[in-house]
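Me: I am new to this structure and should be grateful for a formal account of a single part of it. Please choose one annotated part, look at it closely, and connect the details as you proceed.

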Amino acid sequence: MWLAKAKDSVKNIKVNTNQENGYKGIIECSNLSFSYESGMEILKDITFTTREGESVGIVGANGAGKSTLLRILVGLETTYSGEVLIDKIPVSRDTLAAVRAHAGYLFQDSDNQLFTQSVYQDVAFAPRNYGLGEEDVDKRVMEALNTMGITHLKDKQIYKMSGGEKKMASIATLLSMTPDILLFDEPSIALDPSNRRTLINVLNRLELTKLIASHDLDLILETCSRVILISEGGIVKEGPAEEILKDKKLLESNHLELPLCMQGYTPFKGGSGEN
């Protein structure tokens, strides 16, 4: 279902020139609430704003509503109450084309983002469907691949790629549309330490507004200047990343723990396993 929506999101959409309404990289949520058809309330009265170029971490325990929030921001869920604006564009069924010209969404599972035969074709998919000529498409593809440091992968078949390579290629598919905003849903999931470090470096190089939802609080600490802590669908606290992520009592009361880098080292004190 999500793959179909991802494909549909790039059809018949005007190319984002970042000049359409004079606003770049601004997310505004006011009194946002959301429930599924079952009546279960997932988000409750969410209100926050991002500044252009700001990197904001969304943290919370499983089921807190982080992924749902990101899906609403990119228009994958539209039956919410309250107000949601992407670069001053209201998010609704009627404005999905304009919203997705400004904001890109990275799925947790890269296999939901990549659906053609090769990296080049995947990164070229959206610009082609926006009506760009092949020369412009090629320029955008190569710029996106260069930004991600994966030009050497451009002809590689998707099924032959590692998880880390797929993650980098997935981000490149978003960059090829020159968005103002990137929304990341658990971007470090299933990455080994080397690929995770590459991801952190890439996130810090991207000079655009980023909203990063993750359980990886060390990654959030290294990539975000501000954090929004969500619990049971509502905002518990928001503020400077270091201030929130070093508050042990606050984190533990919301089913999280300090980032590993703040916990110190405790040697293993168990038995040797020998009789």
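Reply: What follows is a close look at the annotated domain, from its strands and helices to individual side chains.

The model is predicted, and its features should be read in that light. The part in question is taken from a record: an unreviewed UniProt entry carries the annotation "domain: ABC transporter" for residues 27-257. Over residues 27-257, the chain is 37% helix and 25% strand. The C-alpha atoms at the two ends of this stretch are 28 Å apart.

A suitable place to begin is an open sheet. Here 4 strands are arranged in the order S2-S1-S4-S5, with antiparallel pairing. Strand S2 (41-49) and strand S5 (89-90) form the edges, each pairing on one side only. Within the sheet, strand S1, made of residues 27-35, is joined to strand S4, made of residues 81-86, by 5 bridges in the antiparallel sense. One position illustrates this pairing: Ile 27 has Ile 86 of S4 opposite it.

The loop between S4 and S5 contains Lys 88. The phi of Lys 88 is near 70°, which is a positive value in a residue other than glycine. Lys 88 counts as partly exposed because its relative accessibility is 36%.

A helix accompanies this sheet. Helix H2, comprising residues 66-73, lies across S1, S2 and S4 and runs at about 120° to S1. How many residues of H2 are buried? The count is 8 of its 8 residues, and H2 is thus described as mostly covered. The buried residues include the charged-named pair of positions Lys 66 and Arg 71, together with Ser 67 and Thr 68. Leu 69, Leu 70, Ile 72 and Leu 73 complete the list of buried residues in H2. Just after H2 comes Gly 75, with a positive phi of about 85°.

Strand S7 gives a second view of the interior. Why is S7, residues 181-185, described as largely enclosed by the rest of the structure? The reason is that 5 of its 5 residues are buried. As a general rule, the side chains of a regular strand alternate between the two faces of the sheet. In S7, Ile 181, Leu 183 and Asp 185 are buried on one side, while Leu 182 and Phe 184 are buried on the other, and both faces are covered.

The neighbours of S7 can be followed through its bridges. Strand S6, residues 103-106, runs parallel to S7 and is joined to it by 4 bridges. Ala 103 has Ile 181 of S7 as its bridge partner. Strand S8, residues 209-213, likewise runs parallel to S7, with 5 bridges between them. There the bridge partner of Leu 182 is Lys 210 in S8.

Aromatic side chains come next. The structure contains 3 aromatic pairs. In one of them, the ring centres of Phe 34 and Tyr 36 are 4.9 Å apart and the ring planes stand at 85°, so the arrangement is edge-to-face. The two partners differ in accessibility: Phe 34 is buried at 2%, whereas Tyr 36 is partly exposed at 33%. Another pair joins Tyr 105 and Phe 107, whose ring centres are 4.8 Å apart; the planes are at 65°, so this pair is edge-to-face. Tyr 105 is buried, with a relative accessible area of 7%, and Phe 107 is buried at 7% relative accessibility.

The cysteines deserve a separate remark. Which number of disulfides does a search of the whole structure find? It finds 0 disulfides. For Cys 29, the closest cysteine sulfur belongs to Cys 224 and is 16 Å away, too far for a bond. For Cys 224, the closest is that of Cys 261, at 13 Å, which is again too far. Both Cys 29, at 3% relative accessible area, and Cys 224, at 7%, are buried.

The account closes with the segment after helix H10 (248-253), where His 255 is placed. The phi of His 255 is near 65°, a positive value in a residue other than glycine. His 255 is exposed, with a relative accessible area of 66%.

Notes: Residues are numbered from 1 along each chain as its sequence is written. This is a predicted model: local features need pLDDT of at least 70, side-chain atom pairs count only at pLDDT 80 or more; totals for chains, interfaces and linings use all residues. Side-chain values use heavy atoms; hydrogens and water are left out. Two strands pair if DSSP finds at least two bridges between them. Contact means heavy atoms within 4.5 Å. Axes are lines fitted to C-alpha atoms, for helices over the stretch in contact, and angles run from 0 to 180 degrees between N-to-C directions. A disulfide is a pair of cysteine sulfur atoms within 2.5 Å. Buried means under 20% relative accessible area, exposed over 50%, partly exposed in between (1.4 Å probe, protein chains only). Rings of Phe, Tyr and Trp (its six-membered ring) pair if their centres lie within 6.5 Å; planes under 30 degrees apart count as stacked, over 60 as edge-to-face and the rest as tilted. UniProt positions are given in the numbering used here, feature names are shortened, and annotations may be inferred rather than shown by experiment.
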